[in-house]
Structure formats: structure tokens, C-alpha cells
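Me: I would like a close look at one part of this model, the sheet of chain B and the side of that chain that touches its partner. Please take it step by step, and add some helix and strand pairings of the other chain for context.

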Amino acid sequence: MDTKVVKKKLGLKERYAAMTRGLHWETTYQPMDKVFPFDRYEGIVIHDWDKWEDPFRLTMDAYWKYQGEKERKLYAVIEAFAQNHGELAVTDARYINALKLFIQGVTPLEYYAHRGFAHAGRQFTGAGARVAAQMQSVDELRHFQTETHAISHYNKYFNGMHNTNHWFDNVWYLSVPKSFFEDAYSGGPFEFLTAVSFSFEYVLTNLLFVPFMSGAAHNGDMSTVTFGFSAQSDESRHMTLGIECIKFMLEQDPANVPIVQRWMDKWFWRGYRLLTLVAMMQDYMLPKRVMSWKEAWEMYAESNGGALFTDLARFGIRKPLGWDEACEGKNHISHQAWATFYQYTHAAAFHTWLPSESEMAWLSGKYPDTFDKYYRARFEHWAKVQADPKEGRWFNQFLPMLCQTCQVPMFFTEPRDASQICFRESTYLGQKYHFCSDHCKRIFDHEPKKYIQAWLPVQQIYQGSCYPDDINPASPGDSPVREVLRYYGIEGGADNGDFTTSPDREHFANWSGRRAVAAADKI
Amino acid sequence: MSTTTANAPATDLLRTVGEYPVIQQDDESKFHGKRLIFLSWENHLMYAAPFAVPLPPNLPFGALVRDVLPLLYGEHPEFEAIDWQRTHWFNSGKRFIPDFGKSLEHHGLTHKSLIRFRTPALEGVRGSQGF
């Protein structure tokens, strides 16, 4: 007689417990501290990992199922977009440059996030946090992949997207996002989560994703909108992990509060500096604008972020240092950044252009206190020079000084005085270091041994690290910039330079013209 | 120039799991006999950021003014009008009077020094509200 097997069906909560915390054990051959060496060295004290709340209670099998469905939908849209030549439906080929910035500067961050969460997902002793970090690690890898696939369609038709991994590792403006993430994932797992899950994902992510995705929607790029949605649905889980991690650390021990506060100060500022690139994209690179950077900052940072820090006050947490400067900067940074890229576009991997009269009118309206007062004159002067056949398009031929911490060229101005570049300086082990702000200086001063190792692209060019093998770095010839571009794999004038004279512009006009003719023929 | 402060880091809060190497990524020895000098023409923001230029330590200050600065700033509409005798020079915020015949080294312009210069009669096109 067969024994009747009773299949015990677990409830959701039990099942979650069995599939996450139930997989954890205390090690016996080796002490836990040796197996998890990264768990305590940052100084964060955890008394009880069971207090970690798992708001999503997601198990791996459910995770695969949801993500698989999303992938199927996403790839169906990407396929249809390609077959219908969706790239010709965008407002204007200038828009493609926003995508170049995304694939060059944002997509590689997804991969770094994948690595960072894989590390955190190995190193926490708490199984709940470990599982959440592991799933996010897989999410981030998925984002890298879907973004690469979606944008690869554009790579068939436009320049400036063919060598992005190499550029990310070498090119000056891409060292800004790169150094942000290398700083984050070379910290311990708790700092990494504060940096990426909290400061970046929770406080600042809307300022990254909304401008790119709503910019895509406004400019007819449905492929990007779709991968944006597909990623965004993961972001809510990531944001919850971020806030949960912060609250958990703050509740576990009062000694954690000052450490977490310092990380918030650091990572808010580093994130804010990184978002300068997004601010510029939003105000200058979208042919059809969504909202100004200033409006986005007011909505997502000042209003939403302000409420968050009011909520965290009960733990003894205050707004990050630099908050006021960032709020003042909303009036300036996009203009300062575009003026920089305009003059250094021949050393970048995307096109720039001067804002038109109507675009400048829009900027004046959105920035009534600053655009006409500080920035309009520069653009008008360059327009005059560019229109003069004796002079032509102006390019700045000499390399800029960079901030040691954020690695952005030193174009930020003094708080409350937009006519003066802001300089700060420290001396460490006999060498001078320069910074764009009090906050970048403070970050350096707290961990100088870390930041003296910074790989600053300008310094590296002069040291000879960015030339092809056939060039002697001590005497690179009559045009060092040309040799550096050769090393980067950037073709001058095609991958960069002014949009008005670019192959992108010409091709788009020809192709979209042909498409209109073909459609007319059918009628 | 009171805004530049040169002081040593107060606290080193770096925590590590083991030995942490001290690597001066931009040590002077890596610049092929030159040293990196940063240059900023105050109030002239047409040039987005100050410049970073490798220069020989024995370069006479006069050669910096005569040969280097025109390359960097020569395209600015006000450059031609600069009166170098009336220019104010600052090394990391500290005023100094250059001797055009003497070297950068002589002026204490060590590796990664920041030279800011102010041209009092010229405050940028449209003054401080321009570039």
C-alpha cells in the first residue's frame, strides 16, 4: 500500500522565508567574520539582521517570471521599431545626441551597479539584504543589456555610438560617471547601498530617468520610452531597498547615524555633480523640450527630497551638506555645461550646436534671473564668430583643469557670484589638489588616499596614457588632440563637432526626405 | 582672492579591510620633465574652465606671457588690450609680482600650481555680466 504523500503548500510568507532567510546558515569551519570580511569594517553596527524588512518578498522563481514577461514585451516593441524605421520619426537628428550621452555615460553605470550589487549580495551577513542585493544585481545587468540592444538600432544609422566601452574608460566627460561608480563600489557594502540605492536611486533617480524618458517620449523615440518603462518598474523595488537600508542602519545603532550622515553628504553631492550632464541634456539637447532642469530640480529634489529629509529628521538626519548650493545651481549648471561642451565638442563623441533664437527665448523665460544676465552673451558672440567666414566655428584647443573629486572641468562658479570660477585647494603629502567646490574638497579631505589615485583624463593625456602605440608621449607631434582622438577611436567631424556640418544631420535629412517621397508615391 | 584656501586635510576617515597603497597618480615625475600649471584669466568665462598646461620649470615668466597665454586666450576679443604691466597675478590666491626674466621655479610655481590673473581694466565683454 502506497503511503499517501501530503504535499505541503507553503503560504507566500513562509515560502519567501524558506527561499531567502531559510537558505542562510552560520558557518562553523571558519568564523563568520572571516567569511564575511566586508560586513563590519565600515563601522556600521548591526545587532539584529532579522529586523530587516523585505517589502517586496520576491523569490527568485517569481522574479524570473516577471522579468521574462517584461523582456518579451520590450523586445517586441524594439523589433517593431526597427522594422518601421522608427529612428526617422524622431523630431530632429539633434535628439540622437541625447541618446549618445545615454549609451556613453549612463548605460555603463548599469553594469557597474550590477557589479556593486553582486558584491553587496555576497558580503552582507543578513540573508534578506543579500537576496535583495542579488536580485538588484541581476536587474542592473538586464538594464545594461536592454539599453544596449535598444540603442544598437540607432548605431546602425548614426555616428558616436560604436565604441562606448572604450570611451567610458578614457574620455574626459565620461570619467565623471565612471569615477562616481568606482568610488561607490570600492567602498564597503553599506556605503555602496547608501551611495547607489539611497542617494542615487532614491533621492536623484527621477532627475536622471524622467528627463531622458519623457524627453524620448516628447521627441518621438518610442524605443527608448519602452526600455525606460521596463527599467523603471524595477526602480521602485530599488528605491524601496534604498530607503529600507537607510532606515535599518539608523534604527540598529545610534553610532551608525553620523557615518550614514557623512555618506549622505558625500553621495548627494557626487550625484548632484554627475547630474550636471543630465541638466545640460534637458535644457539644450532636446529639440522638443519637456521641462527645464530648474523645474525638474524644484519638483523632484526640492519638493520630494525636502519631504524625505523631514521624515528622516526623527533619526537625527539632516539635509545633506551642499543642498543649498545645489538649489542655487539649478539656475546655472546646464548653461555652464553646454557652453563647455560647445567649445570642447571636437574632443567629445557627440555633436553640439548653438541654441536658436527661439530656444534662447525659451531659456530666458525658464531662467529669468540668469540666462540673459550671464549666458546669452556667450552664445550670441559664438554665433557671430561662427557666421563670419573669416573666423568660423570656434573650438577651444587647450585642455581644461579638472576637479580632483568629481572630475568635471572647473567651470562651476562661486556660490552667489556667477562671474567667478569657484576654486578650492588642499595640500596632501606635499602635492596640491584642486576642487570645484567646498563639498568636493571636503570629500577629498575625508579620504585623501583614495582620491589622490584619481585617473584624471587631462593629466593622463599629458602623462602619455591616451596616445596610440606609434606616438612618443614626450613629443606627440603638432596635434596632440588628433592623436588622442585616434586613440579614443573618435572620428573628428563625424562623431563630434558642430551638428550643422555633421553627417548625422545630412543623412537624417536625406533619409527622412526619401521616406516622405516614398509615402507620397504610394498614394 | 580670499576664496581659495590651501590647508591640509583635517581628518582621514578612510576605512579599509587591509593595507591601502599611497599612489600619487599625478606625481611630477610622470610629466616628462615638465610640471602641470593651471591658468585662469579672471572674469573671462568664454573659456569654460581654467587651463591645464605642462610647462618646463625653467620657463621664464616672460615666455609664459609672451608665448603661452596668447595660444590659450588669444581668441578673446579683449586679449589684445591686456596691459601686462598692470595685471595682477596670484599663486593659489596669494598675490605676487612676477619678474619676467626669472623662471616659474623662481616664482615658487611648483607642480600643479594655480596661477590666476586679473586685468583690472578689462572685466570681460559686457563686464561681469558677460564673458
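Reply: What follows begins with confidence, turns to the sheet and the contact between the chains, and ends with chain A.

This is a predicted model, and it scores ipTM 0.93 and pTM 0.94. Chain B averages a pLDDT of 89, and 88% of its residues score at least 70. Within chain B, confidence is highest in strand S4 (residues 88-91), at a mean of 98, and lowest in strand S1 (residues 6-7), at a mean of 48. The pLDDT is below 50 over residues 1-6 of chain B, although this stretch has 15 contacts in the model beyond near neighbours in sequence.

The sheet comes next. Chain B has an open sheet of five strands in the order S3-S2-S6-S4-S5, and the pairing in this sheet is mixed. Its edge strands are S3 and strand S5 (94-96) of chain B, each of which pairs on one side only. Neighbouring strands of this sheet are turned against each other by 35 degrees on average, with direction ignored. In general, the strands of a sheet pair through backbone hydrogen bonds, either parallel or antiparallel. For S2(B) and S3(B) the sense is antiparallel, and the pairing extends over five bridges. B:Arg35 stands opposite B:Leu55 in S3(B).

The contact between the chains can now be set beside the sheet. Chain B contributes 49 residues to the contact and chain A contributes 52. On the side of chain B that touches chain A, at least two residues each come from S1, strand S2 (35-41), strand S3 (51-55) and strand S6 (113-118) of chain B. S3(B) gives the most to this side, with four residues. S3(B), then, is both an edge strand of the sheet and the element that gives the most to the side touching chain A, whereas S1(B), which also supplies residues there, is where confidence in chain B is lowest. By class, the side of chain B that touches chain A has 26 nonpolar, 16 polar and seven charged residues.

In chain A, two helix pairs offer a contrast in direction. Two packed helices are described by the angle between their axes and the distance between the axes. Helix H15 (residues 357-366) and helix H16 (residues 371-387) of chain A pack at an angle of about 160 degrees, with their axes 10 Å apart. Because angles over 145 degrees count as roughly antiparallel, H15(A) is roughly antiparallel to H16(A). H15(A) passes H16(A) in a right-handed crossing. In this pair, A:Met360, A:Leu363 and A:Ser364 of H15(A) meet A:Phe371, A:Asp372, A:Arg376 and A:Phe379 of H16(A), a contact with four nonpolar, one polar and two charged residues.

Helix H3 (residues 60-83) and helix H5 (residues 127-155) of chain A pack at an angle of about 10 degrees, with their axes 10 Å apart, and H3(A) is therefore roughly parallel to H5(A). Among the residues that meet here are A:Tyr63 and A:Phe81 in H3(A), and A:Met135 and A:His149 in H5(A). The residues of this contact divide into seven nonpolar, four polar and one charged.

Finally, chain A also has an antiparallel strand pair, in which two bridges join strand S2 (residues 413-414) to strand S3 (residues 417-421). A:Thr413 has A:Ile421 in S3(A) as its bridge partner. S2(A) and S3(A) form a hairpin with two residues between them, and A:Arg416 in the turn has a positive phi of about 65 degrees.

Definitions and conventions
Residues are numbered from 1 along each chain as its sequence is written. Chains are lettered from A and ligands numbered from 1 in the order in which they are written. This is a predicted model: local features need pLDDT of at least 70, side-chain atom pairs count only at pLDDT 80 or more; totals for chains, interfaces and linings use all residues. pLDDT is the predictor's confidence in each residue, from 0 to 100. Two residues are in contact if their C-beta atoms, placed from the backbone, lie within 7 Å. Ala, Val, Leu, Ile, Met, Phe, Trp, Tyr, Cys and Pro count as nonpolar, Asp, Glu, Lys and Arg as charged, and the others, Gly among them, as polar. Two strands pair if DSSP finds at least two bridges between them. Axes are lines fitted to C-alpha atoms, for helices over the stretch in contact, and angles run from 0 to 180 degrees between N-to-C directions. Angles under 35 degrees count as roughly parallel, over 145 as roughly antiparallel, 65 to 115 as roughly perpendicular and the rest as oblique. A crossing is left-handed if the near helix is turned anticlockwise from the far one by less than a right angle, and right-handed if clockwise.
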